[in-house]
Structures are given as C-alpha cells and as structure tokens.
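Thanks, everyone. Please bring up the sequence and the coordinates on your screens. I will talk you through the fold.

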Amino acid sequence: LISGVISSNTVLPILEDFLFVVEDKKLTIFSTDLETSMSTMVDVEAKESGKIAIPAKILMDTLKTLPEQPLTISFDEKTFAVEISSENGKYKLAGENPEDFPKIPVAEDVTEITMPAEALSLTIARTLFATSNDELRPAMTGVYFQLEPDGVTFVATDAHKLVRYKRTDIKSEQPASFIVPKKALNLLKNALPADDTAVNISYNHSNAFFKFGDVNLICRLID
C-alpha cells in the first residue's frame, strides 16, 4: 500500500527504506520521499516496543516469494540486523538506523474537512488526467482544491485542456485553496476504499494530511 511512495533514484539511501515502529502490539510502517509520506498500521503480536529501518525493495521481493503464512520478524536495535522467520526458513537482511529516517510532518495549525472516499476517488479520476508533467510550471503538475462554504471545486490543467469539477454536497466552513501534487493523488487513488469511508483532509500553509482507516498520507503542497 505504501511502497509507491519510495522513489528508486534517491539521493539519501535511508529513503529507500520502510520505517517499522512497534508499540502497544501495533506495527506502524512509514515510507517517505521527503515530499510525500505515507503510513499504515497493523495489529501484531509483540512483547516489546522498538523501531528499525528495513530496505523496501529487498523486503517486498522477499515477501512476494512467500505464500500466505504467519511471519516472525526479529531485529537487533544495536546492529540493525533483521531476521524474518517463515515456515520455509529464515531470511536475514541488513537494516539501517531508524534515527536516520526523516521526521514525518505533524499536523499543526490545521483546518479540517471530511469527504467520503468514493467522492474523493471520483474527484481524482475526473481531474488527474488533465494535470501537466512540465516541471518548469509546477503549479500545473497538481490539482487545485478550492474549498468554500457553498461547495468545493477541483481544477486541473496542462495548458491544453482544463477540467473544473464542482461538488455542492461537500462544504468547508473556512474558505481555502491549495494545490495537491500528482504523485500524492495517484497514491491516494490506489489506497482509497471503494465505499463511503470518511476521509479526513486537514491542511496548513505547507502540507495536506489525508487520513482514513489506518492509513495516513501527508504531502507537501505546491506553491
């Protein structure tokens, strides 16, 4: 769900990792490329707390080869060695120092709006195709969200075609506008459930935060 965040040609090796954080029998997994961050949570059986950074590609490739079965993941917080035990045998990976993993932005001084997942999926589907890939004009590489007390409007353009999509069933008490990057919306599109699960969208001057179920997506807004 969150591996799409990780880009292959990154400058910082730690950005090629997932951050695993175990606390109170819950495992939270983070991924980030500094612009977009995503996390998800699962219930696990664990006696202790701890965290480790694990290389994403090696981990994903290992998990793909395994049939559906219980896995035991153990790691050493001093040497960062990771061991995955399955019915077929053991896999040893070299983890990395979790303290090197970038800090994930926290929602501070945010304004919130709630939207059904189905409506957000439809919005993305109707606007994303019209965004531009021209990095010299970054504002066109995202979708413009305009929130008003009488409804919300979404706009996308690549200077050849322009889409404006309005909804009057979703309202925002405080007027606001911001541009959400294409990558974040693509990740959202793939992660959103196909029902009316409420998606909490909060935003401040620099980031947008999307939360639904156990999934969090944070992205830096385009100026």
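I will take the sheets, then the helices, the cores, two buried residues and a cavity. Keep in mind that this is a predicted model.

Start with the eight-stranded sheet. It is open, and its 8 strands run in the order S4-S1-S2-S3-S15-S14-S13-S8. The pairing is antiparallel. Which strands sit at the edges? They are S4, residues 50-55, and S8, residues 111-116. Each of these two pairs on one side only. On average, neighbouring strands in this sheet are turned by 20 degrees against each other, ignoring direction.

Now look at the S4 end. Strand S1 covers residues 17-23, and 6 bridges tie S1 to S4 in the antiparallel sense. If you want one pair to click on, take Val21, which stands opposite Lys51 in S4. Helix H1, residues 56-64, packs on the sheet here. H1 touches both S1 and S4. Its direction makes about 85 degrees with that of S4.

A second helix lies on strands of this sheet. That is H3, residues 182-191. H3 lies across S3 (36-43), S14 (207-212) and S15 (215-220). How is H3 angled to S3? The angle is about 25 degrees.

Next, the three-stranded sheet. This one is also open, with the order S5-S6-S7 and antiparallel pairing. Its edges are S5, at 72-75, and S7, at 89-94, each pairing on one side only. From one strand to the next, the twist averages 20 degrees. S5 meets S6, residues 81-86, through 4 antiparallel bridges. Thr72 has Ser85 in S6 as its bridge partner.

There is more pairing further along. Strand S9 spans residues 142-148. On one hand, S9 pairs with S12, residues 176-181, over 6 antiparallel bridges. On the other, 5 bridges join S9 to S10, residues 151-157, again antiparallel. S9 and S10 make a hairpin, with 2 residues between the strands. Tyr144 shows both pairings. Its bridge partner in S12 is Ile179, and its bridge partner in S10 is Val155.

On to the cores. In soluble globular proteins, nonpolar side chains tend to be buried together. What does that look like here? The largest nonpolar core has 52 residues. Leu120, Val180, Leu188 and Phe210 have the most contacts inside this core. Which element gives the largest share? H3 does, with 5 residues.

Let us zoom in on Phe210. Set aside its neighbours within four places in sequence. Phe210 is then in contact with Leu120, Val180 and Leu188, among others. So you see it touching the other three residues just named as best connected. Its list also includes Val199, Asn200, Ile201 and Val215. Apart from the largest core lies another one, of 6 residues. Among its members are Ile14, Leu19, Phe30 and Ala53.

Two single residues now. First, Thr123, in helix H2, residues 117-127. Is Thr123 buried or exposed? Thr123 counts as buried, because its relative accessibility is 1% and the cut-off for buried is under 20%. Beyond four places in sequence, Thr123 is in contact with Met115, Phe154, Tyr165 and Arg167.

Then Ala208, in strand S14. Ala208 is buried, with a relative accessible area of 0%. What does Ala208 touch, leaving out residues up to four places away in sequence? The contacts are Ser202, Tyr203, Leu217, Ile218, Cys219 and Leu221. There is also a long-range pair to check. Ala107 is 101 residues from Ala208 along the chain, yet their C-alpha atoms are separated by 8.4 Å.

Last, the empty space. How many cavities of 30 Å³ or more are there? The count is 1. The largest cavity has a volume of about 30 Å³. Its lining consists of Ile113, Met115, Phe145, Leu147, Val152, Phe154, Phe178 and Ile201. S8, S9 and S10 each supply at least two of the lining residues. Met115 and Phe154 in that lining are also contacts of Thr123.

That is the tour. Questions, please.

Terms used
Residues numbered from 1 in each chain as written. Predicted model: local features only at pLDDT ≥ 70, side-chain atom pairs only at ≥ 80, totals over all residues. Heavy atoms only, no water. Pairing = 2+ DSSP bridges. Axes fitted to C-alpha atoms, helices over the stretch in contact; angles between N-to-C directions. Contact = heavy atoms within 4.5 Å. Core = buried A, V, L, I, M, F, W, Y, C linked by side-chain atoms within 4.5 Å. Buried < 20%, exposed > 50% of the residue type's maximum accessible area, 1.4 Å probe, protein only. 1 Å grid on protein atoms, 1.4 Å probe; cavity = no way out; pocket = protein on both sides within 12 Å on 5 of 7 lines; lining within 4 Å. Points joined across faces, edges and corners; volume = space filled by probe spheres on them.
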